[in-house]
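Q: Please pick one part of this structure and walk me through it closely. I'd like to know what surrounds it and what it pairs with.

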Amino acid sequence: MKVPLLDLKPQYRALKAGIDAAIEAVSESQHFILGPAVRQLEADVAAYTGTQFGVGVSSGTDALLVALMVLDIGPGDEVITSPYTFFATAGTIARAGARPVYCDIDPATFNLSPAAVERFIARDCEVQGGRLVNRRTKGTIKALMPVHLYGQVADMDPLVAIARKHKLRVIEDAAQAIGAADAQGRRACAFGDIGCLSFFPTKNLGAFGDAGMCVTNDAALAERLRIFRVHGGEPKYYHAFIGGNFRLDELQAAVLNVKLPHLDAWTAGRQRNAAYYDAAFAKAALGAQVAPPVAMAGARHIYNQYVIRVARRDALRAHLASRDIGTEIYYPVPLHLQKCFAYLGHAAGDFPESERAAAETLALPIFPELETAQLQHVVDSIAGFYA
Ligand SMILES: *Cc1c(COP(=O)(O)O)cnc(C)c1O
């Protein structure tokens, strides 16, 4: 039995007629850039996330980058984020000219720890002229960029409270978390100044290539995002700002418009699979060898990934590969230990929870179309490894 980490073909087959027709309609219109499909997607995704405005962009990475740009975050500024995330989170902070400042994660949820942020501020920062300044670098802390990792909303109430207290902007990296919500039903992207989504094909709502979106409740920020998306020109060819080409293709939006109405059913499928794994792991009684993911009580975890913590991770992964079971390590090297960030001056041991997660975690197949027999095969193969 084969169990791929992700197989997108069944999803396409189920929606083929609608998707093919949507692509054909764009072909017939020959309207490729910022047309009616983009506008529809912007309105629908904003509504889906509980925000007012959507601005379609070229990728999740560009959503983060343009969010930083419109908030005037650049040289001399610093942004607090997690070192245990996809590269783009900190990569965009550095590309905007600012400095990523890492704080460690909560080991239960893998998300940025509000306590770690508080400790950093108390230990390393001071207030100068009403702004929070990093005492060591003299940089101004301008924003918090929490990541809703694997599809679970970060602990936003304390993070937003810290941001308010210190006049920090909040940019949510919700690339993995469209539709995720906290226990009060508040959705990812609805907490901060700008929420950033990715429609990369492996995300829960995936395009046929690269695509992303910024969403916000702030009309002025939405307008700035729209202007920065087209090189900062408003009106066209008159540039008060230096933006970029961050446009979302009409073809991608057309595909996403067909898919969005199915997202809740796919999420339910992922949650069903996660519940199956949780129960099967409990039954297999693997003790301390396997720790299933922790979902916060009452919250809506959308399981972009189902990530377990295990003993002897790399050997287990090889064992599963030999049994045709796809897995992945998200992420093997925390960002503070990446070569390109050596200039930040970090060393192993600086963020122990992130380092431990990088060494112990393994993502299992969780996509909605998986069959029960496949899920059980994954659990049996893991149990067999530890037997
Ligand atoms: C996928 C992802 C991104 C980047 O999105 P792209 O659309 O691939 O550019 C950013 N942050 C996180 C946490 C991601 O998972």
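**A close look at strand β11**

A: Both faces of β11 are covered. On one side you'll find Tyr306, Ile308 and Val310, all buried (under 20% relative accessible area, 1.4 Å probe, protein chains only). The other side has Val307 and Arg309, and those two are buried as well. In a regular strand, side chains alternate between the two faces of the sheet.

Quick caveat: this is a predicted model, where local features need pLDDT of at least 70, side-chain atom pairs count only at pLDDT 80 or more, and totals for chains, interfaces and linings use all residues. Residues are numbered from 1 along each chain as its sequence is written, and side-chain values use heavy atoms, leaving out hydrogens and water.

Back to the strand (a DSSP run of E, at least two residues, numbered from the N terminus). β11 covers residues 306–310, and 5 of its 5 residues are buried, so the rest of the structure largely encloses it. Even the charged-looking name on the list, Arg309, is among the buried ones.

Now for the partners (two strands pair if DSSP finds at least two bridges between them). Strand β10, residues 290–291, is joined to β11 by 2 bridges, and the two run antiparallel. Here Val290 has Val310 of β11 as its bridge partner; Val310 sits on the side that also carries Tyr306 and Ile308. Strand β12, residues 361–364, also pairs with β11 in the antiparallel sense, over 4 bridges. In that pairing, Val307 is bridged to Ala363 of β12, and Val307 shares its side of β11 with Arg309.

How values were computed: Buried < 20%, exposed > 50% of the residue type's maximum accessible area, 1.4 Å probe, protein only.
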